[in-house]
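Colleague: Could you walk me through how the strands and helices of this model fit together? I would love to follow it at my own pace.

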Amino acid sequence: MSFDNITYQYDNGITTITIDRPKKLNALNRDTIQELHEAFKKAEDDFNTKVIIITGNGEKAFVAGADISEFAGYSVVQGEQLAAKGQAKLFDFVAHLSTPVIAVVNGFALGGGLELAMAAHFRIASDNAKMGLPEVSLGVIPGYGGTQRLPQLVGKGRAMEMIMTAGMIDANQALSYGLVNHMVEQHELLALCEKIAVKIMRNSSVAIGKAIKAINANYKDGKDGYKVEIRQFGKCFDTEDFTEGTTAFLEKRQAVFPGK
Ligand code: COA
């Protein structure tokens with residue numbers, strides 16, 4: 001599988017997917033969204049990948065949004081299809097992966113860029129990062145899940161203000177809003193992310209996948225998250241990871257999870 005707009009790198013349990021259109025500030029055009037879909041699917045299907053990192057190439061941008069040049073002339077039907085396809089292929093797809101996805105926000109994360117970061121399971125940012133949903137300044141609204149995920153992460157009032165003003169917040173403010181979990185200087189970003197990934201990889205990947213499912217259930221209409229949690233909790237008892245985790249504890253040794 002070869003990619004033109006992204007790079008895909010596997011190392012020691014971590015797959016790093018990097019959006020690689022720095023001259024266009026890594027804006028998400030149709031081809032990039034398709035390639036990202038294929039890359040995330042490949043990583044999810046790869047037994048050895050235990051953590052996925054998504055980031056942008058260059059020192060300036062994570063992703064500066066959906067590629068405005070592609071949708072400027074769209075009709076109502078095309079606009080709706082653009083949002084629906086994008087959400088199915090990338091944003092919802094990423095949010096519901098069972099492999100943890102960390103967004104490493106290394107600069108501008110605007111529009112679809114912030115929506116992609118928000119679809120990841122959590123975010124860390126460099127101190128030069130700037131985040132916002134500027135769509136209303138273009139006469140549209142966020143269409144890749146931004147009106148839903150931003151209020152979930154920062155609260156309704158802050159999301160309303162960010163979306164209505166089309167403004168950007170800096171990394172400090174994103175940290176205080178809880179939009180990102182950690183902020184470091186740009187050169188420390190990947191090292192911090194790998195440190196967190198190593199902590200994640202010590203645990204049962206099977207249990208983590210089930211925890212993601214249960215947490216996500218809280219944000220789905222018509223789903224009772226507590227019931228999903230009960231079901232996923234029960235399912236853990238039939239896994240090799242559970243046998244190993246509990247046996248290791250009782251034998252006072254470090255668990256070595258088979259990931260099954
Ligand atoms: N779609 C398409 N192209 C984009 C883009 C986007 N979302 N964001 C940046 N680019 C392109 C620019 O058109 C420019 O291309 P060019 O060199 O061929 O003219 C290149 O990336 C560099 O961007 P530029 O605007 O020159 O950089 P800047 O440092 O002056 O400004 C931003 C940076 C992020 C503030 C500015 O690019 C911007 O506002 N981008 C759009 C953000 C947005 O509205 N996103 C939501 C889309 S729904």
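**Sheets and helices**

Modeller: Happily! One open sheet has 6 strands in the order β1-β2-β3-β5-β7-β10, and its pairing is mixed. This is a predicted model, where local features need pLDDT of at least 70, side-chain atom pairs count only at pLDDT 80 or more, and totals for chains, interfaces and linings use all residues. Residues are numbered from 1 along each chain as its sequence is written, and side-chain values use heavy atoms, with hydrogens and water left out.

Colleague: Which strands stand at the edges of the sheet with the order β1-β2-β3-β5-β7-β10?

Modeller: Strands here are DSSP runs (E, at least two residues), as helices are (H or I, at least four), numbered from the N terminus. Two strands pair if DSSP finds at least two bridges between them. Each edge strand has a single partner, so one side of it is left without a neighbour in the sheet; these strands are β1 (6-11) and β10 (182-184).

Colleague: In β2, what is the bridge partner of Thr-7?

Modeller: β1 and β2 (residues 14-19) pair in the antiparallel sense over 6 bridges. In β2, the partner of Thr-7 is Thr-18.

Colleague: Is β5 largely enclosed or left open by the rest of the structure?

Modeller: Buried means under 20% relative accessible area, exposed over 50%, and partly exposed in between (1.4 Å probe, protein chains only). Val-101, Ala-103 and Val-105 point one way from β5, Ile-102 and Val-104 point the other way, and all are buried. With 5 of the 5 residues of β5 buried, the strand is therefore largely enclosed.

Colleague: Which residue of β7 stands opposite Val-105?

Modeller: β5 has parallel pairing with β3 over 4 bridges, and Ile-54 stands opposite Ala-103 in β5. Another 4 bridges join β5 to β7 (residues 122-126), and these two strands run parallel. In β7, the residue opposite Val-105 is Ala-125.

Colleague: At what angle do α1 and α3 pack?

Modeller: Axes are lines fitted to C-alpha atoms, for helices over the stretch in contact, and angles run from 0 to 180 degrees between N-to-C directions. Ile-33, Leu-36 and Phe-40 are among the α1 residues that meet α3, where Leu-90 and Phe-93 are among the partners (contact means heavy atoms within 4.5 Å). The axes of α1 and α3 (residues 76-95) are 9 Å apart, and the packing angle is about 35 degrees.

Colleague: How do α5 and α6 lie: oblique, parallel or perpendicular?

Modeller: The axes of α5 (residues 146-154) and α6 (residues 156-165) come within 7 Å and cross at roughly 135 degrees. Angles under 35 degrees count as roughly parallel, over 145 as roughly antiparallel, 65 to 115 as roughly perpendicular and the rest as oblique. That is why α5 is, relative to α6, oblique.

Colleague: In β9, what is the bridge partner of Gly-132?

Modeller: A further open sheet of 4 strands has the order β4-β6-β8-β9, with mixed pairing. In this sheet, β8 (residues 130-132) and β9 pair in the antiparallel sense over 3 bridges. The partner of Gly-132 in β9 is Met-168.

Colleague: Which helix lies across β4, β6 and β8?

Modeller: The helix spans residues 112-119. Its direction is at about 95 degrees to β6 (108-110), and the helix is α4.
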